[in-house]
Structures are given as structure tokens and as C-alpha cells.
Amino acid sequence: MQRALDLAERGLYTTTPNPRVGAVIVRDGEIIGEGWHEVAGEGHAEVNAVRDAHARHGVDAVRGSTVYVTLEPCSHHGRTPPCADLLVNEGAARVVAAMEDPNPLVAGQGFARLRAAGIDVRCGLMENDAIELNIGFVSRMTRALPWVRLKVAASLDGKTALVNGQSQWITGPEARRDGHAWRARACAILTGIGTVLEDNPRLNVREVETPRQPLKVIIDSRLQTPVDARILDDGKVLIACAVEDAAARERLEARGCEVILLPNAAGKVELLDLLRELGRRRLNEVHVEAGFKLNGSLLREGCVDELLLYLAPCVIGDSAQGMFNLPTLAHLDQRKKLKLHKVSQVGPDLRLLARME
């Protein structure tokens, strides 16, 4: 199963909106075929593993074998036929899956089809690892929302920029490269108009190789994004606004942007509605790189699932900008509680993954 998970991870940047899945076929204690889901719309992991087994050992290779797969074999016709039927037709004797498919179109039906054909089915081996690999897919299937990961680079005293806005670079090159790897695995990179106007970032993936650039999403209530902003230079851009400005919309659409109107009662973009829209567009993971105002708004509105924090071994001082613009609390029990999920050192900096409780 670990080998199947390793194979699944090869699709980290390419399978969206589908899950990342790996499969290993074993007979008489020997791996006879393996594969992973490489690109959405093409063969699933089981299909590729079966093809590999045929190429190595002939057309009857899978008969009597055990198939290890990181996700329940599908039971429905999508862009490809059901993998459960494939394994039945191939004569597999046993299927060991890491997790049940959270997709309501499958959700146990693949296992039921296998069992009905007399195949021994087991589920739950290394389940947590499989969930982690597809945490955004699980989120979208179970909540109709993408998994939102908010990235912040700060000093040890929690400061992200000097009082004059200077922030390049608080963390080291290793942390910046690591941050680009997290960008690359996301379906979308989200930021606010404040960051666009102040920093003029590109917000694309540059430090690691990737076959595709994530969608860039700008929260821009009044459609202030300049048409010459660098963020518009490459890849698709979606701008969420709160006011209708026909002239600004026309300029931005002529630049290749898509503009959607999602106002709330305060004249700002309704953040949860935006996430719902991203979920409808089949985006699994959203990576946020924004300023402390939008960071605070996302936290206040309950729109953040996980914090990706890079902490540099330095202190900057109280006058500098913090990570989150949050209201003053009267009681400690009002604080946002998190659980540390993983702590690592990246170059000289610390990387913390912390999840909302």
C-alpha cells in the first residue's frame, strides 16, 4: 500500500479535479503490475496497473491476484468505464483499499460490486495517508467546499512586513521554494486586491516544475485590479467583486479575466459564496497568499481549514505588520484554536501546518 501511495503522489499536480490514486497488483508475493492516475480524463490507476501487468506477464496475469489501491474502485461511468467492473472481468481475487470513495456516485458501491462478484474486499489500510493525499477532494465531496490552506511567512514574533510594507525576504530561499511546491499542488491561488496593488505579485509557480499553473483568484470588491498587473500576465484569472462596474469589467475581461459578482450586505465579497463557487467549479485545494486584512477576514468567516506558516529565526518588533487582522478579544476563550498537524524545518526556517479545531 505504501508503494501504491507513492505512485498516487506522482499525480499530485495533474489529476485535478479527480483524486490522486495509485494501484499495485500482487500475485504469489510478487508485484506484477502497477500504475497511477496520471491525468483527468485518462486511465484510472487500476486501468494503468492492469495494462502494466498485461505487458509484463500476459493477458491472464491479474487472475487470482490481490490489487492494492489507495481509493475504492469506481462503480460509475464517467469519462472512463467503472474500474470495479474491470477488476471483476480480470478475475482479481482480492482488493485491498486504503479508503472508501467519498464521491456520492461511488461511496461503497464499488466495494459492493466487487463483493457481489465473489472478490474478497478489505478497506482501511493506511487510510489516513490516503485521506491526506486527497484532502481537497474529500473536502469537496463531503462539504461541497475546497480545502483552504492559508500560507504566511513571518518572523518568530509573528510579523509579516515592516511598517512601510517591506517584506522581501523574511524567510529563506528553501522556504520560498517549498511554498511554490504547495502552490503547484493547489487548484487555485487566492489573494486580495491589497496584495495586488501593494506588491504587484505574479503568484504563479516558478520554483518547482509543474505541468500546469493553478487558477489565480483575486478578491477585488470594487474592481480596482490594474490591467497591467503582473498577476494577469499568465494563466487564468478569476476576479470576485461586489459592485457592478461595466467599464472596469470590460477592461478586465478584455485582458482575459473572468469577473463574477458576489456581494454581501456590507458591500464586500461574500467569502463563503466564493468558496462555494470554487467548489462548483470542481476545485479541490485553494492556496491563499494574501495580506493580514484578508487573512483576518477569512479566519473570522470560518473559511480557513489549515495554516501553512513559515517562521524565520528573527524578530522584527511590535510596529511591524502582523499575520491576521482580527478584532480585540475580551476573553481567551474567544481565541481561534488550532491543532499542530506537522512541524518541519525547511532550511533555517520552521514550517508549521496547523488545522482549525
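Tutor: Two strands count as paired if DSSP finds at least two bridges between them. The model discussed here is predicted.

Student: In which sense do strands β6 and β11 pair?
Tutor: Strand β6 covers residues 147-155 and strand β11 covers residues 285-288. Four bridges link the two strands, and the cut-off for pairing is at least two. One of the bridge partnerships joins Val148 to Val286 in β11. The sense of the β6 and β11 pairing is parallel.

Student: What is the order of the nine strands in the open sheet?
Tutor: Pairing in this sheet is mixed. Its edge strands, each paired on one side only, are β10 (258-261) and β13 (338-346). Neighbouring strands are turned by 20 degrees against each other on average, direction ignored. The order is β10-β9-β8-β7-β11-β6-β12-β14-β13.

Student: At about what angle does the direction of helix α10 lie to that of β8?
Tutor: Helix α10 (residues 271-280) packs on the nine-strand sheet. The strands touched by α10 are β6, β7, β8, β9, β10 and β11. Its direction makes an angle with that of β8 of about 165 degrees.

Student: Which strand does helix α11 run at about 110 degrees to?
Tutor: Helix α11 consists of residues 292-300. It lies across β6, β7, β8, β11 and β14. The strand at about 110 degrees to α11 is β7.

Student: How many residues of strand β12 are buried?
Tutor: On one side of β12, Glu306, Leu308, Tyr310 and Ala312 are buried, and on the other side so are Leu307, Leu309 and Leu311. With both faces covered, strand β12 (residues 306-312) is largely enclosed by the rest of the structure, because the buried count is seven of seven.

Student: Which residue of β14 is the bridge partner of Leu308?
Tutor: Strand β12 pairs with β6 in the parallel sense over seven bridges, and there Arg149 has Glu306 in β12 as its bridge partner. With β14, β12 pairs in the antiparallel sense over six bridges. In β14, the partner of Leu308 is Leu353.

Student: How far apart in space are Ala153 and Ala93, C-alpha to C-alpha?
Tutor: Ala153 is in strand β6. Not counting residues up to four places away in sequence, Ala153 touches Lys159, Thr160, Ile170, Thr171 and Tyr310. Ala93 is 60 residues away from Ala153 in sequence, and the C-alpha separation in space is 50 Å.

Student: Which are the edge strands of the open sheet with five strands?
Tutor: The strand order is β2-β1-β3-β4-β5, with mixed pairing. From one strand to the next, the twist averages 15 degrees. An edge strand here pairs on one side only, and that applies to β2 and β5.

Student: Which residue in β2 is the bridge partner of Arg27?
Tutor: Strands β1 and β2 run antiparallel and are joined by six bridges. Helix α2 (residues 45-57) lies across β1, β2 and β3, running at about 140 degrees to β2. In β2, the bridge partner of Arg27 is Glu30.

Student: Is Glu34 buried or exposed?
Tutor: Glu34 is in strand β2 (residues 30-36). Its side chain makes a polar contact of 2.6 Å with the side chain of Arg3. Beyond four places in sequence, its contacts include Leu7, Ala23, Val24 and Arg56. The relative accessibility is 19% and the cut-off is under 20%, so Glu34 counts as buried.

Student: Which residue has its charged end over the ring of Trp169?
Tutor: There are two such placements to describe. Arg10 lies over the face of Trp36, at 4.8 Å from the ring centre. Over Trp169, 4.4 Å from the ring centre, sits the charged end of Arg176.

Student: What is the relative accessible area of Asp28?
Tutor: Asp28 is in the loop between β1 and β2. Its phi is near 55 degrees, a positive value in a residue other than glycine. Asp28 is exposed, because the cut-off is over 50% and its relative accessible area is 77%.

Student: Which residue does a cis peptide bond join to Thr16?
Tutor: The omega angle of this bond is about 10 degrees. The partner is in the loop between α1 (2-9) and β1 (22-27). The residue joined to Thr16 is Pro17.

Methods
Residues are numbered from 1 along each chain as its sequence is written. This is a predicted model: local features need pLDDT of at least 70, side-chain atom pairs count only at pLDDT 80 or more; totals for chains, interfaces and linings use all residues. Side-chain values use heavy atoms; hydrogens and water are left out. Axes are lines fitted to C-alpha atoms, for helices over the stretch in contact, and angles run from 0 to 180 degrees between N-to-C directions. Contact means heavy atoms within 4.5 Å. A charge sits over a ring if NZ of Lys or CZ of Arg is within 6 Å of the ring centre and within 35 degrees of the ring normal. Buried means under 20% relative accessible area, exposed over 50%, partly exposed in between (1.4 Å probe, protein chains only). A polar contact is a pair of N or O atoms within 3.5 Å; within protein, one must be able to donate a hydrogen and the other to accept it, and residues adjacent in sequence count only if both atoms are side-chain atoms.
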